[in-house]
Amino acid sequence: MSDTAVFDVLDGLYLTVLDQVRREDRWLLWQTILTKEQRRNLVEAIPVSAHDRVLDAGCGFGALSFDIAIMKNARVVGVDISDSSLELASRINEELARILPVSPVEFISGDIYNMSLPADSFDFVIARFLFQHLDAPGKALAEMIRTVKPGGYVCLIDIDDQLEIQYPDLEEDVEGLYRSFRLLQKLENGDRMVGRKLTNYLYNAGCEIVVTILRPETECRYLAYDDPAIQFEMERLGSARSQLITRGMITGDKFDEIMEKIRRSYPRMEWRTNSEVVALGRKKTGM
Ligand SMILES: C[S@@+](CC[C@H](N)C(=O)[O-])C[C@H]1O[C@@H](n2cnc3c(N)ncnc32)[C@H](O)[C@@H]1O
């Protein structure tokens, strides 16, 4: 079966489970679905070889793990702390196993800070969109490096909010909602400016730096409100509603008013550039 045919099945499976995930997880699943081309372009570019053992740390619903397993014919282990995400990833894995000779991925429940995986056991360790959520990135990276073989690769991929461009400009109160959204992630010890720091993290952890790449994706098109990209955005903002209110960062009425304003701003022609930073390092021999 060709990779394209497997991807058709895989993408279809993610779409069918969209209604089954918890409301707060739905935007993450939308992100998984909408970023498939970006993700697969990334997988194309990373130096994973056939039969490599790959660790996908913070694998979420497992989409990157599946892409690496299929495109690179690698043996992938996906680790995540969220049981609901892993449950969904395992369900997709079982469905895929019906059409593939072997299950491509093994999913394990674990905390990035202490993964209880053997040392020096992977050829390639990757974490995509994980570090923006971590309060102790150095500790997480040390644990990733522990599991990779000497000479093996460590790859961090993440966002940096200052690398995003959108046009038309957001109105002041919509911009304010986005600021609150970013602040909320910061209050929960996350970091939406982490992209620029990834190579420093690798360097400070003692890795040899291989390359740092900025991968911009631009879309400029006429968007209707029911476009999946806008639905994803509304789910993402909506998932923060109760926390923003509980922390006194906005009232319920104001939140709903702004969401309605966003809804009314469509359809329109819109420019969006999202960039991800890829930092690739290697574990030095003797580390
Ligand atoms: C934005 S998602 C990214 C999922 C996936 N890597 C992707 O590229 O689509 C972040 C994931 O990190 C996981 N995560 C957050 N903190 C974690 C920790 N301490 N240990 C393991 N996973 C963690 C979350 O459960 C979530 O699935």
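These legends describe close-up views of a predicted model. Local features need pLDDT of at least 70 and side-chain atom pairs count only at pLDDT 80 or more, while totals for chains, interfaces and linings use all residues. Residues are numbered from 1 along each chain as its sequence is written.

**View 1. Residues around the ligand.** Of the 18 residues around the ligand (C-beta atom, placed from the backbone, within 6 Å), those that come nearest are G58, G60, S82, I112 and R128. Two or more residues of this shell come from each of α2 (23-34) and α4 (63-72). Helices here are DSSP runs of H or I with at least four residues, strands are runs of E with at least two, and both are numbered from the N terminus. The shell holds nine nonpolar residues (Ala, Val, Leu, Ile, Met, Phe, Trp, Tyr, Cys and Pro), three charged (Asp, Glu, Lys and Arg) and six polar (the others, Gly among them).

**View 2. The cis peptide bond before P168, and helix α7.** The bond from Y167 to P168 is cis, with omega near 5°. P168 sits in the loop between β6 (165-167) and α7. Helix α7 (residues 172-187) has 16 residues and spans 22 Å from first C-alpha to last, close to the 22 Å expected (1.5 Å times one less than its number of residues). N189, just after α7, has a positive phi of about 70°.

**View 3. Positive phi at S116 and F129.** S116, in the loop between β3 (105-109) and β4 (122-128), is not a glycine yet has a positive phi of about 40°. S116 counts as exposed (12 or fewer other C-beta atoms within 10 Å, all placed from the backbone) because it has 10 such neighbours. F129, in the loop between β4 and α6 (137-147), has phi near 60°. With 18 other C-beta atoms within 10 Å, F129 is partly exposed, a class between exposed and buried (20 or more).
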